[in-house]
Amino acid sequence: MINTFCFRCRIPGTPLFSSGRYGIAQCPICGQAFTSPRADDAELQKFYGNRRETFQSLGSMLWASPRLDLVQHWAGGNRLLDVGCDRGDFLAAAIWRGFRAIGIDVSERNVTECLKKGLPAISGTIESQRFLPGNFDAVTFWDVLEHVPDPATALTEANRILAPEGVLATSCPDFDSWGRKTFGGNWSHLHPNQHLWHFTGETLGKLFVECGFRPAYFTKDPLSLSNFGRVDHMVLISIKTKEASWLN
Ligand SMILES: [Zn+2]
């Protein structure tokens, strides 16, 4: 177990509540919530290496089409990168729809599954791959940002590899939801063993703006098709407006 800092302000958080052996803290400056203490990197690695169930699973079959409608509405082209592609459900739907799509995932097991299905996938992270600048019209992070070690770096890289006006599409649990406020450390979407960051619409929107995007679409309605049946989750579509200045 390790104690961690806010990825934005680089300072320890104020404890909010605990969940088993994990703690949930909040940055006193920017309000970003995060898991601290959390599993160390070796433990996380073990989790991703052995994972048998999928994050996207059956649900992604249901959400893929309306989410692709959103991407298609905002994107100027059909080159798509699905970050954290899991076993390729969304990737398959995107290719079926006519996107020139590829997936990337930290799990070798997931990449092997995708390749077996004939889906183009590579192992690694968005930062490790060093794609060409402006190479994609859309980058998707479906239920992924809460897992990445440094969301600002990942989004800065997404900005770099997106074409001007490219689309950034994301979804994640909503830390500001009724369920979280009611159940605290027992909230079913907290997953403190895997979720390093806990976003609200506000903290995520702020991060996107800092990384060079403008918000275009937002829903947390479980009746909207792109978020259908997902209580306590949100879907956000943002557009690249300028180069990210986060690391400069
Ligand atoms: Zn902060």
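**View A. Strands E1 and E2 pair up in this predicted model.** E1 covers residues 14-19, and it runs antiparallel to E2, with five bridges holding the pair together. Look for Phe17 and you'll find its bridge partner, Ile24, in E2. The two strands make a hairpin with two residues between them, and here Gly20 takes a positive phi near 60°. E2 itself (residues 22-26) is mostly covered, with four of its five residues buried.

**View B. On to the pairing of E2 with E3.** E3 spans residues 33-35 and is antiparallel to E2, joined to it by three bridges. Ile24 turns up again in this view, now standing opposite Thr35 in E3. This hairpin has six residues between its strands, and Gly31 in the turn has a positive phi of about 85°.

**View C. Strand E4 sits inside the fold, with five of its five residues buried.** Because every one of residues 79-83 is buried, E4 is largely enclosed by the rest of the structure. Arg79, Leu81 and Val83 point one way from the strand, while Leu80 and Asp82 point the other way. That is the usual pattern: side chains in a regular strand alternate between the two faces of the sheet. Note that Arg79 and Asp82 are buried along with the rest.

**View D. E4 has E5 and E7 as parallel partners.** Five bridges join E4 to E5, and Val83 has Ile104 as its bridge partner there. The pairing of E4 with E7 runs over three bridges, with Asp82 matched to Thr140.

**View E. Helix H3 belongs to a right-handed β-α-β unit with E4 and E5.** H3 takes in residues 89-96, and its buried residues are Asp89, Phe90, Leu91, Ala92 and Ala94. After the helix comes Gly98, with a positive phi near 105°.

**View F. Seven strands line up in an open sheet.** Reading across, the order is E6-E5-E4-E7-E8-E11-E10, and the pairing is mixed. E6 (121-123) and E10 stand at the edges with a single partner strand each, so one side of each has no neighbour in the sheet. From one strand to the next, the twist averages 20°. Helix H4 (residues 108-116) packs on this sheet, touching E5 (100-105) and E6, and its direction makes about 160° with that of E6.

**View G. E7 and E8 run parallel, joined by six bridges.** E7 covers residues 136-142 and E8 covers residues 162-173. One pair to pick out is Phe141 with its bridge partner Thr170 in E8. Helix H6 packs on the sheet, touching E7, E8, E10 and E11 (233-240), and its direction makes about 150° with that of E8.

**View H. Helix H6 is mostly covered, with nine of its eleven residues buried.** The helix runs over residues 151-161. Its buried set mixes residue types: Pro151, Ala154, Leu155, Thr156, Glu157, Ala158, Asn159, Arg160 and Ile161.

**View I. The largest nonpolar core has 61 residues.** The members that touch the most others are Leu91, Ala121, Ala138, Val139, Ala158, Val167 and Leu168. Of these, Leu91 is in H3, and Ala158 is one of the buried residues of H6. Zoom in on Leu168 and, leaving out residues up to four places away in sequence, its contacts are Val139, Ala158, Leu162, Phe208, Phe213, Ser238 and Lys240. As a rule, nonpolar side chains in soluble globular proteins tend to be buried together.

**View J. Cys211 sits in the loop between H8 and E10.** H8 covers 201-210 and E10 covers 213-219. Cys211 counts as buried because 26 other C-beta atoms lie within 10 Å, where the cut-off is 20 or more. Lys240 is 29 residues away in sequence, yet the C-alpha to C-alpha distance from Cys211 is 8.7 Å.

**View K. Zooming out, the chain has eight helices and eleven strands.** The radius of gyration is 17 Å, which agrees with the value near 18 Å for a compact globule of 248 residues. Along the principal axes, the C-alpha trace spans about 45 × 40 × 35 Å. Of the 248 residues, 46% count as buried. Among contacts between residues at least 6 apart in sequence, 66% join residues at least 24 apart.

How values were computed. Residues are numbered from 1 along each chain as its sequence is written. This is a predicted model: local features need pLDDT of at least 70, side-chain atom pairs count only at pLDDT 80 or more; totals for chains, interfaces and linings use all residues. A nonpolar core is a set of buried Ala, Val, Leu, Ile, Met, Phe, Trp, Tyr and Cys residues joined through C-beta atoms within 7 Å. A residue is buried if 20 or more other C-beta atoms lie within 10 Å of its own, exposed if 12 or fewer, and partly exposed in between; C-beta atoms are placed from the backbone. Two residues are in contact if their C-beta atoms, placed from the backbone, lie within 7 Å. The radius of gyration is taken over C-alpha atoms; the globule rule is 2.2 Å times the number of residues to the power 0.38. Two strands pair if DSSP finds at least two bridges between them. Axes are lines fitted to C-alpha atoms, for helices over the stretch in contact, and angles run from 0 to 180 degrees between N-to-C directions. A crossover is right-handed if, with the strands pointing away from the viewer, the path from the first strand over the helix to the second runs clockwise.
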